[in-house]
Amino acid sequence: MQLTLFTDYALRTLVFLALQPEQHLSTITEVADRFSISRNHVVKIVHQLGMKGYIETIRGKHGGIRLARVSSEINLGDLIADMENVSCLLDCQREGCRLAPGCRFQSIMRKAMRAFMGVLAEFTLADLVKDEERMCGLLGLNIPVMAVDAV
């Protein structure tokens, strides 16, 4: 299975937001510039992610976007299912295939999709940003300062 660019960019947007300091508001322009994605495309992605509850959007002069929940609560299987049409990889009805009445390929594809989604469901957004220092470096972001325990 190949993910759509929409889903790819949604993942990149979420990774970017997960690497930001807690409560920091980012902008659509920051995301678009960081990944060289059309700002209009990012607007559509942010809208969808907001509608699905992955990000919080705050309007106004001091507005922006941020994760709606901690990264460890954003399951990759759920995210991919929400962004992609994973219900059917094969549309035998549309093709008018003569083999459709006796073909088992569609059931095999459904089984493969369940396995694929099952593996994704084992991971969260936190798993994608586990090496925070390296990821920040790759994106040219300030490396988050770790809280130091008082002595």
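Biologist: Before we look at partners, what makes two strands pair?

Modeller: Two strands count as a pair if DSSP finds at least two bridges between them. This is a predicted model, and in it β1 (residues 55-58) and β2 (residues 64-67) are joined in the antiparallel sense. Their number of bridges is four.

Biologist: Which residue of β2 is the bridge partner of I55?

Modeller: I55 lies in the range of β1, residues 55-58. Across in β2, the residue that bridges to I55 is L67.

Biologist: Which residue in the hairpin takes a positive phi?

Modeller: Between β1 and β2 the hairpin has five residues. A positive phi near 110 degrees appears there, at G60.

Biologist: Let's turn to a helix. Are the buried residues of α4 on the same side or on opposite sides?

Modeller: In helix α4 (residues 76-83), the buried residues are L76, G77, L79, I80 and M83. Because their arc around the axis covers only 165 degrees, they sit on the same side.

Biologist: What do those buried residues pack against?

Modeller: Buried here means under 20% relative accessible area. The partners of α4's buried residues are helices from several stretches of the chain: α1 (5-18), α3 (39-51), α6 (105-120) and α7 (125-128).

Biologist: At the start of α4, which backbone nitrogen does a side-chain oxygen of N75 reach?

Modeller: The side-chain oxygen of N75 comes to within 2.7 Å of its partner. That backbone nitrogen belongs to G77.

Biologist: And how many helices does the chain have?

Modeller: Along the sequence the pattern is α-α-α-β-β-α-α-α-α-α. Alongside two strands, the number of helices is eight.

Methods
Residues are numbered from 1 along each chain as its sequence is written. This is a predicted model: local features need pLDDT of at least 70, side-chain atom pairs count only at pLDDT 80 or more; totals for chains, interfaces and linings use all residues. Side-chain values use heavy atoms; hydrogens and water are left out. Buried means under 20% relative accessible area, exposed over 50%, partly exposed in between (1.4 Å probe, protein chains only). The arc is that of the directions from the helix axis to the C-beta atoms. Contact means heavy atoms within 4.5 Å. A polar contact is a pair of N or O atoms within 3.5 Å; within protein, one must be able to donate a hydrogen and the other to accept it, and residues adjacent in sequence count only if both atoms are side-chain atoms.
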